[in-house]
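Colleague: Could we go through this model together? I should like to understand its overall build before the details.

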Amino acid sequence: MPARNHNQWSEAPSLKTGEWVDSRIYSEQEIFEEENEKIFKHVWVPVCHESELPKPYDFRTASIGREPIIICRGPDNEVRAFLNVCPHRGMLIERRPSGSFLEGQPSGNPKRITCMFHAWQFDMKGNCVYVAREKEGYQDRLCKENVGLRRLRCEVKFGGFVWVNLDDNPAQSLEEWCGKPFECLRKTLDAEPLEVFHYHKAIVDTNYKLWHDTNSEFYHDFMHYHNRVTGFNDAYFARKNEAFDNGHVVVGTFEVNYENYEGFESRAELSFPYLPPNQWYMIDLFPGFNFNLRGSALRCDIVTPLGPDKVMIEFRGLGLKKDTPEERMTRINHHNSIWGPFGRNLHEDLIGVAGQGATMRPGTEPRNILHGRHENETIHDEIGMRHYYDVWGRWMNRTPSEPDKPYTATAVAAE
Ligand code: FES
Ligand SMILES: [Fe+2]
């Protein structure tokens, strides 16, 4: 096949609709803005893990789309979420990534969320409990009972993750939204309290969907030498790639042969509860949240899109809370030797998606991105992406392969 001119390069490929997308869905500012409005303001987001706020008055800050949020644990042990926005004049109330409200700060009272700007104070339920010089300034025209924080829907579920939805009336409950894909790991994740032992974040010059794609397609194992030597066998190629409603996908398990890689050892001893040794499950939730369990360590990725070609990814590693110090060290080693910033895998994925990001900056020549591999819904079948983009098209009312046109259902996703 000779190299192609512009018209040939832009032609629809000889695949069925739904088996490719237009690269503008990764590069256009307008589409990015619309995704924030139509998707991120309405989906359940796993913003953190309950072990990151273990005690009453502990808090953590995060964001969903452009909205800064604060998650805190009350004296009643309930975890609640609020917009991290002061009702007075819109100051970001808490600027630390995490901490505790138990002790007072120079500009904050104990057991209160205090806005440092004009010292308004809130309790762990989001009630405003103090307005500085309230009577003097407002007389009886505004009282603190009416200026509480903006509360958000919040649930702790599926292994202790804290899920928040910016929509007060989401179309589906959290269970309806993603209960089915979690079924394969529900018993395992809920058997024992889990604990975060690793956290880092990366700001990557690529579109958030490309990160999610790389988590949900395994054809790119050709890039991962470690995965090839520990995995490429008959069981690997039979690994199921299953699409679920709402754009989610689960990549089923097989047994990884860690000893095939020099310096690596079996992870059988520290397998999570109810898992046979050295198994590997992957749950990819629409629009960009991943739960990746390699036997002895769970990884969770959460994306926050920052622009069409910029995404913040938060990476967490989790083990069992009851781990002994030795077990924990081994688990950390298992996690970091593959998924740490210097591990055998993660940086390769980052190179892959940054390479895609480099060719899809806003204004670059549109082209087709192919998702047309069919391999009996096994590991290298691109069914996960086809399904994801069909659901994306519905949320956005755009056809992924022709984003200027309204959504029409594709046969491919349903196959
Ligand atoms: S903006 Fe928060 S107290 Fe004024
Ligand atoms: Fe990868």
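**Contacts, core and domains**

Modeller: This is a predicted model. Let us begin with its contacts: of those in the chain between residues at least 6 apart in sequence, 63% join residues at least 24 apart.

Colleague: How many helices and strands does the chain have?

Modeller: There are 12 helices and 19 strands in the chain.

Colleague: And what does the chain span along its principal axes?

Modeller: The C-alpha trace spans about 80 × 55 × 35 Å. The radius of gyration is 23 Å, and a compact globule with 415 residues would have one near 22 Å, so the chain agrees with that expectation.

Colleague: What percentage of the residues in the chain are buried?

Modeller: Buried residues account for 42% of the 415 residues.

Colleague: Which residues have the most contacts inside the largest nonpolar core?

Modeller: They are Val47, Ile69, Ile71 and Val164, in a core of 90 residues. Helix α11 (residues 383-396) supplies the largest share of this core, with 7 residues.

Colleague: Where does this core lie with respect to domain 1 and domain 2?

Modeller: The core lies between them, because domain 1 (45-154) and domain 2 (178-414) both give residues to it.

Colleague: Let us take one of those core residues. Which residues does isoleucine 69 touch?

Modeller: Leaving aside residues up to four places away in sequence, Ile69 touches Val47, Thr61, Ala62, Ser63, Ile64, Ala81, Phe82, Leu83, Asn84, Leu152 and Val164. Two of these, Val47 and Val164, are also listed with Ile69 among the residues with the most contacts inside the core.

Colleague: Back to the domains. How far apart are the C-alpha centres of domain 1 and domain 2?

Modeller: The two centres lie 34 Å apart. As for contacts, 6 residues of domain 1 meet 10 residues of domain 2.

Colleague: Which strand gives the most to the side of domain 1 that touches domain 2?

Modeller: Strand β2 (residues 45-49) gives the most, with 3 residues. By class, that side of domain 1 has 2 nonpolar, 3 polar and 1 charged residues.

Colleague: A last topic: is helix α6 mostly covered or mostly uncovered?

Modeller: Helix α6 (residues 208-216) is mostly covered, with 8 of its 9 residues buried.

Colleague: Which residues of α6 are buried?

Modeller: The buried residues of α6 are Tyr208, Lys209, Leu210, Trp211, His212, Asp213, Asn215 and Ser216.

Note on methods. Residues numbered from 1 in each chain as written. Chains lettered and ligands numbered in written order. Predicted model: local features only at pLDDT ≥ 70, side-chain atom pairs only at ≥ 80, totals over all residues. Helix = DSSP H or I, 4+ residues; strand = E, 2+ residues; numbered from the N terminus. Rg over C-alpha atoms; globule rule 2.2 N^0.38 Å. Buried ≥ 20, exposed ≤ 12 C-beta atoms within 10 Å, placed from the backbone. Contact = placed C-beta atoms within 7 Å. Core = buried A, V, L, I, M, F, W, Y, C linked by C-beta atoms within 7 Å. Domains from an automatic or database assignment. Nonpolar A, V, L, I, M, F, W, Y, C, P; charged D, E, K, R; others polar.
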